[in-house]
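Open the model in your viewer and keep the sequence panel in view. The stops below are given in the order in which to select them.

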Amino acid sequence: MSMSSSEPTIVVTRRWPAPVEEELLRRYPGVRLNSADQPLSRAELGEALGMADVVLPTVSDRIGPELFDGALRTRFIGNFGVGFNHIDVDAARRRGVVVTNTPGVLTDATADLAMMLMLMVARRAGEGERELRAGEWTGWRPTHLLGAEVAGRTLGVVGMGRIGRALARRAHFGFGMDVVFCQRGGPVEPPVPGARRLAGVDDVLAAADFVSLHIPGGGANSGLIDAGRLALMKPTGFLVNTARGDVVDQCALAAALRTGVLAGAGIDVYQDEPSVPTALRELENVVLLPHLGSATLSTRIAMGMAVLDNLAAFLDGREPPARVA
Ligand code: 8YV
């Protein structure tokens with residue numbers, strides 16, 4: 001659909017890095033930016049969908065089915081991010097709203113963060129930092145904060161998409177790790193030499209020393225890693241989640257970490273962000289980050305530019321490069 005005759009009304013729900021906001025303003029001088037960076041309430045999001053031709057949201061905007069019920073002016077939702085389970089794409093499709101995302105540009109940043117969480121939790125980096133900052137470090141000793149080795153261990157990747165592959169490469173070529181993985185659907189090119197595809201998530205959980213999740217949230221993946229599945233892991237095993245919070249049952253994870261079902265976890269995403277359960281915050285053997293997977297300046301600029309590419313294509317009546325609905 002072409003909207004090039006007059007400037008569309010565009011709402012951006014959060015602040016974006018300055019170079020992308022400048023480019024937005026250059027292309028669409030009337031764009032409504034959110035310079036206060038206050039998250040939009042549900043009512044405000046509903047208003048945006050009722051009055052704007054284009055809405056550019058992020059993961060902090062839940063665009064559920066009810067927001068597609070009423071009068072709708074929005075024809076295009078350009079998500080800033082690759083994961084889009086916060087948007088009801090079926091409802092969007094039904095109402096003829098085009099939805100796009102930003103795959104590819106955040107692969108390396110997110111794989112780096114997953115690798116970092118593996119190292120941090122295995123080497124007890126969070127514990128050490130907390131101890132030092134609290135003024136409780138009493139000096140070097142041979143038995144101080146002994147962690148687990150990463151090199152040569154087995155990484156299990158659940159979901160061998162772009163980010164899973166990038167993590168497998170880091171782990172294998174950088175740390176000499178063996179890789180096992182599972183992936184729904186057809187054939188998958190092995191991500192690294194010797195990588196073994198296992199039948200399903202249960203096999204990966206049982207075989208790996210480090211399990212890293214790289215599947216979308218929502219749908220059948222919601223609650224996938226529950227108490228029963230955590231119990232399949234080795235008691236020396238570590239779980240890393242940079243995917244979506246709802247994939248892991250957080251209460252079950254806290255209980256499993258407390259009782260030694262697994263050794264530790266590195267978590268970047270939560271079921272109900274920004275709320276993080278006290279049961280997790282109280283534990284030493286979990287590294288907790290505030291959804292930083294793609295948080296490098298160059299990646300966030302690239303994500304913004306990818307949204308602009310999608311939007312420009314839509315407004316020109318072309319197929320957007322990364323359309324999901
Ligand atoms: C984003 C992410 O920062 O892209 C994703 O799916 O989880 C993060 O990298 C976030 O989604 C922004 O909307």
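## Stops on the tour

Begin with the ligand and its shell, whose residues divide into 5 nonpolar, 5 polar and 2 charged. Keep in mind throughout that this is a predicted model.

**Stop 1: the ligand.** Select the ligand and then the residues that surround it. From the earlier part of the sequence, these include Thr58, Val59, Phe80, Gly81, Val82, Gly83 and Leu106. Add Arg244, His291, Ser294, Arg300 and Met303, which also belong to the surroundings of the ligand.

Which residues place a polar atom beside an oxygen atom of the ligand? Start with Val82, where a backbone N or O atom lies 2.8 Å from a ligand oxygen. Next show the side chain of Arg244: one of its polar atoms is 2.8 Å from an oxygen atom of the ligand. Then show Arg300, with a polar side-chain atom 3.2 Å from a ligand oxygen. Switch on the surface here: of the 320 Å² of accessible area that the ligand has on its own, the protein covers 91%.

**Stop 2: the second largest pocket.** Clear the selection and pick Arg123, Arg124, Gly128, Trp137 and Trp140, which are among the residues lining the second largest pocket. Extend the selection to Arg141, Pro142, His144, Leu145 and Leu146, also part of that lining. The space inside the second largest pocket is about 150 Å³. Coloured by class, its lining shows 5 nonpolar, 2 polar and 3 charged residues.

**Stop 3: the cavity.** How many cavities of 30 Å³ or more does a search of the whole structure find? The search finds 1. The largest cavity holds about 30 Å³ of space. To locate it, select Asn241, Gly245, Val248, Gln250 and Leu253, then Ile267, Val269, Tyr270 and Leu280; these residues line the largest cavity. Its lining has 6 nonpolar and 3 polar residues, with no charged ones. Rolling a probe the size of a water molecule over the atoms shows where empty space is left.

**Stop 4: a salt bridge in a helix.** Move to helix α1, residues 18–27, and select Glu23 and Arg27, both of which lie in it. The two residues are 4 apart in the sequence, about one turn of the helix. Their side chains meet in a salt bridge, with 2.8 Å from N to O. Across the whole structure, a search finds 17 salt bridges.

Methods. Residues numbered from 1 in each chain as written. Predicted model: local features only at pLDDT ≥ 70, side-chain atom pairs only at ≥ 80, totals over all residues. Heavy atoms only, no water. Near = heavy atom within 4 Å. Polar contact = N/O pair within 3.5 Å; in protein donor to acceptor, adjacent residues only side chain to side chain. Areas by Shrake-Rupley, 256 points an atom, 1.4 Å probe, with all protein chains shown as cover. Nonpolar A, V, L, I, M, F, W, Y, C, P; charged D, E, K, R; others polar. 1 Å grid on protein atoms, 1.4 Å probe; cavity = no way out; pocket = protein on both sides within 12 Å on 5 of 7 lines; lining within 4 Å. Points joined across faces, edges and corners; volume = space filled by probe spheres on them. Salt bridge = Lys/Arg side-chain N within 4 Å of Asp/Glu carboxyl O.
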